[in-house]
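Here is a short report on pockets, aromatic packing, cysteines and a pair of buried polar residues. Have the model open while reading.

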Amino acid sequence: MHEVSFEEAFTKIAAKDPRYQRDAYLFVREALDHTQKTIGKDARGRIRHVTGQELLRGIREYALQQFGPMAQTVLEEWGVRCCEDFGEIVFNMIEVGWLAKTERDSRADFQGG
């Protein structure tokens, strides 16, 4: 299976959904890595799946670490104004094969975070 590079994925995403800047996608990928390290591994020692709500908590923590009190301003500059925007970014990434999901994952997981 061909692993999708960030540039390939972003080019496809931007053509279909130009709402969010390139840096927003990079940030979500980094925040996901941060969240996976924070929540630990499953019983078999593998990195476990992160739920939408867990990712939102990880995004908040990572944004504050990276940008401090300017976090909201930076995210808004990238087009991210609410938690649902993170769901849109994640599902855009899933649609181009840059992330994977389970049957239980949905955009609704990012509502009201």
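Which residues lie nearest the centre of the second largest pocket? They are Leu-32, His-49, Val-50, Ala-100 and Asp-105, out of 19 that line the pocket. Note that this is a predicted model.

**Pockets**

The second largest pocket holds about 280 Å³ of space. Helices α2 (22–39), α3 and α5 each give two or more residues to its lining. By class, that lining divides into 10 nonpolar, four polar and five charged residues.

The largest pocket holds about 370 Å³. Its lining counts 18 residues, and Ile-59, Arg-60, Leu-75, Cys-83 and Phe-86 lie nearest the centre. Here the elements giving two or more residues are α3 (52–67), α4 (71–77) and α5 (83–95). Helix α3 supplies the largest share, with six residues. The class split is 11 nonpolar, three polar and four charged.

The table sets out the two pockets.

| Pocket | Space | Lining | Classes in the lining |
|---|---|---|---|
| Largest | about 370 Å³ | 18 residues | 11 nonpolar, three polar, four charged residues |
| Second largest | about 280 Å³ | 19 residues | 10 nonpolar, four polar, five charged residues |

**Aromatic packing**

How many aromatic pairs does the structure hold? There are eight. One of them joins Phe-27 and Trp-78, with 5.8 Å from centre to centre. Their planes stand 50° apart, and the pair is tilted. Phe-27 belongs to helix α2 and Trp-78 to the loop between α4 and α5, so the pair ties together parts 51 residues apart in sequence. Phe-27 is buried, at 3% relative accessibility. Trp-78 is also buried, at 11%.

There is an aromatic cluster as well. Phe-6, Phe-10, Tyr-20, Tyr-25 and Trp-98 form it.

**Asn-92 and Asp-17**

Tyr-25, a member of that cluster, is touched by Asn-92 and is in contact with Asp-17. Asn-92 sits in helix α5. Is Asn-92 buried or exposed? It is buried, because its relative accessible area is 6%, under the 20% limit. Beyond residues up to four places away in sequence, Asn-92 touches Ile-13, Asp-17, Tyr-25 and Arg-107.

Asp-17 is found in the loop between α1 (6–16) and α2. Its relative accessible area is 9%, so Asp-17 counts as buried. Leaving aside neighbours within four places in sequence, Asp-17 contacts Tyr-25 and Asn-92. Asp-17 and Glu-88 lie 71 residues apart in sequence. In space, their C-alpha atoms are 9.5 Å apart.

**Cysteines**

How many disulfides does the structure hold? It holds zero. Why is Cys-82 not bonded to the closest cysteine? The closest sulfur, in Cys-83, is 6.9 Å from that of Cys-82, which is too far for a bond. The cut-off is 2.5 Å between the sulfur atoms. Cys-83 is likewise in no disulfide, and its nearest cysteine sulfur is that of Cys-82. Cys-82 is partly exposed, with 35% relative accessibility. Cys-83 also belongs to the pocket picture: it is among the residues nearest the centre of the largest pocket.

Technical notes
Residues are numbered from 1 along each chain as its sequence is written. This is a predicted model: local features need pLDDT of at least 70, side-chain atom pairs count only at pLDDT 80 or more; totals for chains, interfaces and linings use all residues. Side-chain values use heavy atoms; hydrogens and water are left out. On a 1 Å grid over the protein atoms alone, a cavity is a set of points where a 1.4 Å probe fits but cannot get out, and a pocket is an open set with protein on both sides within 12 Å along at least five of seven lines; lining residues have an atom within 4 Å of a point. Grid points are joined across faces, edges and corners, and a volume is the space filled by probe spheres set on the points. Helices (H or I, at least four residues) and strands (E, at least two) are DSSP runs, numbered from the N terminus. Ala, Val, Leu, Ile, Met, Phe, Trp, Tyr, Cys and Pro count as nonpolar, Asp, Glu, Lys and Arg as charged, and the others, Gly among them, as polar. Buried means under 20% relative accessible area, exposed over 50%, partly exposed in between (1.4 Å probe, protein chains only). Contact means heavy atoms within 4.5 Å. Rings of Phe, Tyr and Trp (its six-membered ring) pair if their centres lie within 6.5 Å; planes under 30 degrees apart count as stacked, over 60 as edge-to-face and the rest as tilted.
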